[in-house]
Amino acid sequence: MKRRQFVKAGLAGAAAASTATITAPVIAQDVRKWKLVTAWPKNLPGPGVAAQMLADRITALSGGRIEVKLYAAGELVPGPGVFDAVSEGTAELYHAVPAYWGSKSKGILLFGSQPFGLRADEQFGWLAHGGGQTLYDEMYGRFGIKPFLCGNSGPQWAGWFRDEIKSVEDLKGMKYRTTGLASEMATKLGMAAESMSGPAMFQAMQTGALDAGEFIGPWSDSALGFYQVAKNYYWPGVGEPSSAEECGVNSKVFEELPEDLKQAVTFACDSLYNPVWTEYTTKHAQALQALVNDHGVQVRQLPDDVMQAMGAAAVEVIDELRQDDDELVKRITESFVAYRDLVGGYMSYADNGQMNARAKLLSY
């Protein structure tokens, strides 16, 4: 009898040991707790929503082995400080746009948007298939950051103007909010370009400190209430034909990850690009209807002479980058121009041809 009890006890112990062997690695897994700092108010329609999607997707794709907590602008660091926070290791990653980091290097600005430059699909294509990602990594590597594109707003708007614009002369001396290379284009037209957050832009226009400004597009702009302080909403936003959103991860933190978690972070960013871009497109279209129908916004096209002057200024901006003292900035610029010309030439037959045909011949 005692022998039977001993055998049963031994079998039970073996089973328990077997279970422990199977489950122990799962229990023992390290969980990394990452702080995601953003340049946006929490859940701001557009970029604030996209930042939360990024946090959630990295957490999910890592199987919970990376827990990402989002901190909106001002909660941990100010919005303009997120790049430095990640570079210095105060936070593990940030969500913002390259257009905010021109003080670090003018070459960075090309990875976000360019006057008369790449559309959202072309921007991703340049990085993925035109050599852009290697240059992106090299530039941000100087600051200890591993960069990824993770979304795009699509075409931005020229913005909100208190007064109607009738000629390029109306722009001279105008106090105008914009960012990145678009601000350099505006400066060449005699505008006083200023960079500030969306909420700060609203306050400045409300008090008269700004005459005009652009932020993103109808969806995000509606949420910030710009229609309350200006009624003239101008297109096209040739200063930013698209605006890429990015995730920057501290390089040391990223390199210490096992390979599967590196892939999880990379795929989380890549896989968000199209959903974020297409959500912007859909919500922009819906918001524009509401702006016009419910809030009396006047949608106006920039006059031809204004666009021609902007085009000439944009050529100067890119030419200056091609002559920059920094050899890496020159290489980034030449790569961008080569890809723009290659794909732009094809698009005149492909997407542009289809859109023009649809606009002219649609009959249902």
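Is E92 buried or exposed in this predicted model? With a relative accessible area of 14%, E92 is buried, because a residue counts as buried when that area is under 20%.

**Figure 1. The whole predicted chain, given as an overview before the close-up views.** The protein chain contains 14 helices and eleven strands, and its C-alpha trace spans about 105 × 50 × 45 Å along the principal axes. Of its 364 residues, 47% count as buried. Among the contacts in the chain with a separation of 6 or more, 77% are made by residues that are 24 or more positions apart.

**Figure 2. The surroundings of E92, in the loop between α3 (82-88) and β3 (93-96).** The side chain of E92, a residue that is buried, reaches the backbone nitrogen of K35 at 2.7 Å. When residues up to four places away in sequence are not counted, E92 touches K33, W34, K35, V86, G248, V249, N250 and V253. One of these residues, G248, is 156 residues from E92 in sequence, yet the two are 8.4 Å apart in space, C-alpha to C-alpha.

**Figure 3. S113 and its contacts, in the loop between α4 (106-109) and α5 (120-129).** S113 has a relative accessibility of 5% and therefore counts as buried. Its side chain makes a polar contact with the side chain of E240, at 3.2 Å. Leaving aside neighbours within four places in sequence, S113 is in contact with E240 and also with L181, S242 and S243.

**Figure 4. Helix α7 (residues 180-188) and what covers it.** Seven of the nine residues of α7 are buried, so this helix is largely enclosed by the rest of the structure. The buried residues are G180, L181, A182, S183, E184, M185 and A186, and one of them, L181, is also among the contacts of S113 shown in the previous view. The elements that cover the buried residues of α7 include α4, β6 (175-177), β7 (192-194) and α12 (304-322). Just after the helix, G190 takes a positive phi of about 90°.

**Figure 5. The crossing of α5 with helix α13 (residues 327-347).** Two packed helices are described by the angle between their axes and the distance between the axes. The axes of α5 and α13 come within 10 Å and cross at roughly 130°, which makes α5 oblique to α13. This crossing of α5 and α13 is right-handed. On the α5 side the residues are D121, E122, G125 and W126, and they meet I332, S335, F336, Y339, V343, G344 and M347 in α13. Sorted by class, the contact of α5 with α13 has six nonpolar, three polar and two charged residues.

**Figure 6. The packing of α5 with helix α11 (residues 259-295).** Here the axes of α5 and α11 come within 11 Å and cross at roughly 170°, which makes α5 roughly antiparallel to α11. The contact is made by A120, D121, Q123 and F124 of α5, together with D270, Y273 and W277 of α11. By class, the contact of α5 with α11 has four nonpolar, one polar and two charged residues. D121 takes part in this contact with α11 and also in the contact of α5 with α13.

Note on methods. Residues are numbered from 1 along each chain as its sequence is written. This is a predicted model: local features need pLDDT of at least 70, side-chain atom pairs count only at pLDDT 80 or more; totals for chains, interfaces and linings use all residues. Side-chain values use heavy atoms; hydrogens and water are left out. Helices (H or I, at least four residues) and strands (E, at least two) are DSSP runs, numbered from the N terminus. Buried means under 20% relative accessible area, exposed over 50%, partly exposed in between (1.4 Å probe, protein chains only). A polar contact is a pair of N or O atoms within 3.5 Å; within protein, one must be able to donate a hydrogen and the other to accept it, and residues adjacent in sequence count only if both atoms are side-chain atoms. Contact means heavy atoms within 4.5 Å. Axes are lines fitted to C-alpha atoms, for helices over the stretch in contact, and angles run from 0 to 180 degrees between N-to-C directions. Angles under 35 degrees count as roughly parallel, over 145 as roughly antiparallel, 65 to 115 as roughly perpendicular and the rest as oblique. A crossing is left-handed if the near helix is turned anticlockwise from the far one by less than a right angle, and right-handed if clockwise. Ala, Val, Leu, Ile, Met, Phe, Trp, Tyr, Cys and Pro count as nonpolar, Asp, Glu, Lys and Arg as charged, and the others, Gly among them, as polar.
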